[in-house]
Amino acid sequence: DVVFEVNEEEVNKEVKLTETGKQSLSAALVAIGCPENEVSANVEMLVPMIEMARLSDEKVVEIAAIVTENKAVLEKLMELVDGKEKAEELYPMSAPQQEESALPITAAEIKQAVKAVKDLLYAIGDDTLGLFIYNYTESVKAQGAQAMPFEISLEAYVAESRMVMLILKSVVASISDADIDEVYSMMSGPQTDEAMAKLVQIVKDTVNAINFDDSVWESYFAVINAEVKKLFESPEFLAMLEGMMNDTE
């Protein structure tokens, strides 16, 4: 059975990035196009967040290596994202159709990008997101702000983030090289509409293929249901309910 348990020892362990982690972070930022003069300010901003997420030096080095190894393809992908308004220039098929239009990014590069995303998801790990959100919320509360109207346990944050990561990993893992080749060849020629239909079908098939073991869903719902029950019974919720009832009278 899959149980979304949290290792308290791991959570309470203090994580501090050393120069090794910071240098790797700098290299990754440069790789994704961060201007040199902004790197150190960005590192300073990211370090506390990375420490909150419990990403060790070792993990940061691993993640940075994946990013820097895929520097060229990531730059191309970011160019595509940045240049939406220059659609005709970047996507020749959106201009009057030419039989031999070349896409600005090759099928091999798309495959490399998919693999890089997969590697990153595995390197980051399932608990990271939940730990980060939980720690961030707690630190905001410690500064005197009420970040959440109700208390939510670490278990719920972690269960939620694991479920998100599980879905993301399943989606990325089920994109096949053959699918990429087929869509790519359609988009390189005059079959833009067919390519879009094929992409939609791939997404549908992928979502339908996420067939988690019952125990994964059961353990996830057990955590979330316990959380919801606790929330509904909390004095804050009951007071809010009472206030709403009084307002309607």
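Buried means under 20% relative accessible area, exposed over 50%, and partly exposed in between, using a 1.4 Å probe and protein chains only. Keep that handy for the exercises below.

This is a predicted model, where local features need pLDDT of at least 70, side-chain atom pairs count only at pLDDT 80 or more, and totals for chains, interfaces and linings use all residues. Residues are numbered from 1 along each chain as its sequence is written, and side-chain values use heavy atoms, with hydrogens and water left out.

**Exercise 1. Work out which class Leu168 falls into, and what it helps to build.**

Step 1: Find Leu168 in helix 9; helices are DSSP runs of H or I with at least four residues, strands are runs of E with at least two, and both are numbered from the N terminus.

Step 2: Leu168 has 39% relative accessibility, so it counts as partly exposed.

Step 3: Together with Leu129, Ile133 and Val164, Leu168 makes a nonpolar surface patch of about 280 Å². Patch residues have over 30% relative accessible area and no salt bridge; like charges are joined within 9 Å, and nonpolar side chains (Val, Leu, Ile, Met, Phe, Trp, Tyr) within 5 Å. A salt bridge is a side-chain nitrogen of Lys or Arg within 4 Å of a carboxyl oxygen of Asp or Glu.

Step 4: Helix 8 (128–142) and helix 9 (154–173) each supply at least two residues of that patch.

**Exercise 2. Check the length of helix 8, then see what it packs against.**

Step 1: The expected span is 1.5 Å times one less than the number of residues.

Step 2: With 15 residues, helix 8 should span 21 Å, and its end C-alpha atoms are 21 Å apart, so the two agree.

Step 3: Pick out the buried residues of helix 8, among them Leu131, Tyr134 and Val140. The buried residues of this helix pack against helix 1 (8–12), helix 3, helix 7 and helix 9.

Step 4: Carry on just past the end of helix 8, and you meet Gly144 with a positive phi of about 100 degrees.

**Exercise 3. Do the same for helix 10.**

Step 1: Helix 10 (residues 177–188) has 12 residues and reaches 16 Å from first to last C-alpha, close to the 16 Å expected.

Step 2: Its buried residues include Ile180, Val183 and Met187, and the buried residues of helix 10 pack against helix 7 and helix 11 (192–209).

**Exercise 4. Find which residues touch the most other members of the largest nonpolar core.**

Step 1: A nonpolar core is a set of buried Ala, Val, Leu, Ile, Met, Phe, Trp, Tyr and Cys residues joined through side-chain atoms within 4.5 Å.

Step 2: The largest has 15 residues, and Leu25, Val43, Ile50, Leu55 and Val60 touch the most other members.

Step 3: Helix 2 (19–31), helix 3 (36–52), helix 4 (57–69) and helix 7 (107–124) give two or more residues each. Helix 3 gives the most, with 4 residues.

Step 4: Zoom in on Leu55: setting aside neighbours within four places in sequence, its contacts (heavy atoms within 4.5 Å) include Val15, Ile63 and Thr128.

**Exercise 5. Describe the whole chain.**

Step 1: Count the elements: the protein chain has 13 helices and 0 strands.

Step 2: Of its 249 residues, 35% are buried.

Step 3: Among contacts with a separation of 6 or more, 76% are between residues 24 or more positions apart.

Technical notes. Accessible areas come from the Shrake-Rupley method with a 1.4 Å probe; for residues, only the protein chains shown count as cover.
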